[in-house]
2 protein chains.
Amino acid sequence: MKPIRGYVASGVAAGIKKTGAKDLGLIFSDMPATIAGVFTQNRVTAAPVMLCRKRIASGNARAIVVNSGNANCVTGDGGYRDAVRMSEVVSEALGVSVEEVFVASTGVIGEPLPMEAVTTGIGEAAKALRADGLPAFAEAIMTTDTHPKFESITGDIGGVPVTVAGVAKGVGMIHPNMATMLAFALTDAAAASETLQSFITTAVDKSFNRISIDGDTSTNDTVLLLANGTAQISLDLPEHRPAFQELLNDLFMRLARMIVKDGEGATKFVTVSVKNAPTEASAKAVAEKIAVSNLVKTAIYGEDANWGRIFMAAGNAGVEFDPQKVDISFNDVLMVENGMGRGKEVEAAASAVLKSAEFTITVDLKAGGGEAVYYTSDLTTDYIRINADYRS
Amino acid sequence: MKPIRGYVASGVAAGIKKTGAKDLGLIFSDMPATIAGVFTQNRVTAAPVMLCRKRIASGNARAIVVNSGNANCVTGDGGYRDAVRMSEVVSEALGVSVEEVFVASTGVIGEPLPMEAVTTGIGEAAKALRADGLPAFAEAIMTTDTHPKFESITGDIGGVPVTVAGVAKGVGMIHPNMATMLAFALTDAAAASETLQSFITTAVDKSFNRISIDGDTSTNDTVLLLANGTAQISLDLPEHRPAFQELLNDLFMRLARMIVKDGEGATKFVTVSVKNAPTEASAKAVAEKIAVSNLVKTAIYGEDANWGRIFMAAGNAGVEFDPQKVDISFNDVLMVENGMGRGKEVEAAASAVLKSAEFTITVDLKAGGGEAVYYTSDLTTDYIRINADYRS
């Protein structure tokens, strides 16, 4: 991964995780940056999320500190003070305003942060900051992820090469023990925080919000985007916006894809595409119902071209359509045409599609012009084992 | 099971199921009865559901015919004609108006009914009708159920013993291959169909609607209630209503409980009780989110007193409450008090509760007076196996 101008990062083992793995990550912008963010919609929010929500109003940032191994959630007033303390230690170590330090945590909930380890770890992480430190940061924020997730994309915006780099963690479909989807993106372009907010909201809706597919939103979900302007190009200019939006969408989609592929127990990556719904919102509702259905997901695991379950899930979205017009395809194999199955021969062709590791389920409702895409994996016996035994 | 006055029933093997098991059931009321029903909310509905919805407007019934092994769903106009034909064959065999015959189907979808087998089977079922035939009927409507489900309750209403008998099928949390929750209840009391509708709607909301907990509503879900008046007592009288409502609630709750306990792969029966929510509706929303959460259900399977997942699921219901006031108990073990975990010792006591086959999770939001109860099971590796391999 190519370093991104004006940012340094690190990841260290602070002793929060019992395994001795990396568990504390730090990102620092060499110069003042702007910031925007998207947070969990869960009513129960972790202390660091409350802190970030408060501080992000200023739109200014210099550093992000993240620990794994402990979510600092349902930890009361003491937990909030610990989150503030984390930012104070970063502020002292890096000589920046405490108000410009953002905090995230992920891991077990309901237990107080081991603040001595965290404090020492922040000191070490500050010393370890490097231009090529993002992969180490990505490693330090992992929980049950099997590998670190990071990506960097460079595009031409107004004749200038602009880079946007991102790291993410998450374990696919469902976040064990509220283990949280976290993503952090950095760009060397410049933008007002309001502009960044528009970029991040749009990109999250098309990526991370299309994979959190069992409705179990974590208490700690956080996505942040920083812009420090080292590339000397402003994204506030209307003519530069579409290109950057595309860049950010692409980055987030790549990270989201990594999360689904690394999903707990997952063996398949499936794109659910709904076409010709009454509206875009209703297309999204139908795609989501299909993508989250345990019955659809177990059928995918069983490599069973069970279109009846897809039909049933689509019917559960509360969307108006005529079942007798619906087409359902697995890749280019049309299995259901105008609401009727096309028989055993077609089913054999679809079964071949299901044996591949990646494929697309397309549902054409012929009820309007709304389209939406969702991403899902299969639901496997390994998923159950991982989640039944998570704390033991 | 004690016979219920004025009704006969039967169940026969018609050859619809490849296994040779019973697959066609018939219920007949010796005299004209009134009827009310509740049907699936799924946009995709099976042919027999469409037929029942149409006929139930008259409020009159004499017979119910049900086949298992084939859901007669997504079968187009031919499927609707087959459902009508089933009722015609019953009408001819029993000498009743075709408009008073109700039809239900459950099983594989997208395949035409084998009408020759169905027709012959109806003839045999008509000959087999007996006062003690409800258990055979219950057996004939099974799909992946491991045992037939029936129950009969008698209560005193206005000094007269009134019986309400019921049969149900369903496989717990999730209906494989849209396999449908079906329930049929019969009473010897008399009531106008409007009165019956009020009874059945109330009872279903407190029972079957509190267990269909993964959102995968089947295309064929049907609950019917018949009243034939042989007991010579009218439920239309306001003073008789509460007692009958209680009887029906009790019956449906017993059948619902059987369904959860027979849930695919299930090893635990868990009651989720939410107290002091802002409203009853919000209590139900919170209870449902907890009851359907894959993370909660896998933790129950793992006998892990992971209250963090319960807290998280509660926070996802879109209901206003203060996380710092929430109490969470497993039976009488208070694990979370005012939003904070009570530590390792309490967790050990809760783990003991989780080892039992039945227990209650209570969430007290301290945000109002709304209460609701939901019933769920664990999510197990056997569930995945059953549903991945269903059609193979």
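This briefing walks through how two chains meet in this structure and then visits a few individual residues. The model is predicted. Chain A and chain B touch through 56 residues on each side, and a rotation of 180° superposes chain A on chain B. Here is the picture, topic by topic.

**How the two chains are arranged**

- Chain A lands on chain B after a rotation of 180° with 0.0 Å of shift along the axis, and the RMSD of that superposition is 0.0 Å.
- The two copies are therefore related as by a two-fold rotation axis.
- If you want to find that axis from chain A, look for A:Thr381: its C-alpha is the nearest one in the chain, 2.4 Å from the axis.
- Both copies use the same surface, since 100% of the contact residues of chain A recur in chain B.

**What the interface is made of**

- Between chain A and chain B, about 4600 Å² of area is buried, and carbon and sulfur atoms give 53% of it.
- Four salt bridges are counted between chain A and chain B.
- One of them joins the side chains of A:Lys344 and B:Glu111, with 3.6 Å from N to O.
- Polar contacts add to the picture, with 11 residue pairs counted between chain A and chain B, both residues at pLDDT 80 or more.
- Several helices of chain A each supply at least two residues to the side that touches chain B: helix H2 (76-94), helix H8 (294-301), helix H9 (307-315), helix H10 (344-354) and helix H11 (381-388).
- By residue type, that side of chain A divides into 22 nonpolar, 21 polar and 13 charged residues.

**A stop at A:Ala93**

- A:Ala93 belongs to helix H2 of chain A, one of the helices that supply residues to the side touching chain B.
- Its relative accessible area is 43%, so A:Ala93 is partly exposed.
- To get a feeling for distances within chain A, compare A:Ala93 with A:Asn338: they are 245 residues apart in sequence and 65 Å apart in space, C-alpha to C-alpha.

**A stop at B:Asp145**

- B:Asp145 sits in a loop of chain B, between helix H4 (134-140) and strand S5 (149-157).
- This residue counts as buried because its relative accessibility is 6%, below the 20% cut-off for buried residues.
- The side chain of B:Asp145 reaches two backbone nitrogens: that of B:Thr143 at 3.2 Å and that of B:Gly170 at 2.9 Å.

How values were computed:
Residues numbered from 1 in each chain as written. Chains lettered and ligands numbered in written order. Predicted model: local features only at pLDDT ≥ 70, side-chain atom pairs only at ≥ 80, totals over all residues. Heavy atoms only, no water. Contact = heavy atoms within 4.5 Å. Buried area = accessible area lost by both parts, 1.4 Å probe. Polar contact = N/O pair within 3.5 Å; in protein donor to acceptor, adjacent residues only side chain to side chain. Helix = DSSP H or I, 4+ residues; strand = E, 2+ residues; numbered from the N terminus. Nonpolar A, V, L, I, M, F, W, Y, C, P; charged D, E, K, R; others polar. Least-squares fit on C-alpha atoms with pLDDT ≥ 70 in both. Buried < 20%, exposed > 50% of the residue type's maximum accessible area, 1.4 Å probe, protein only.
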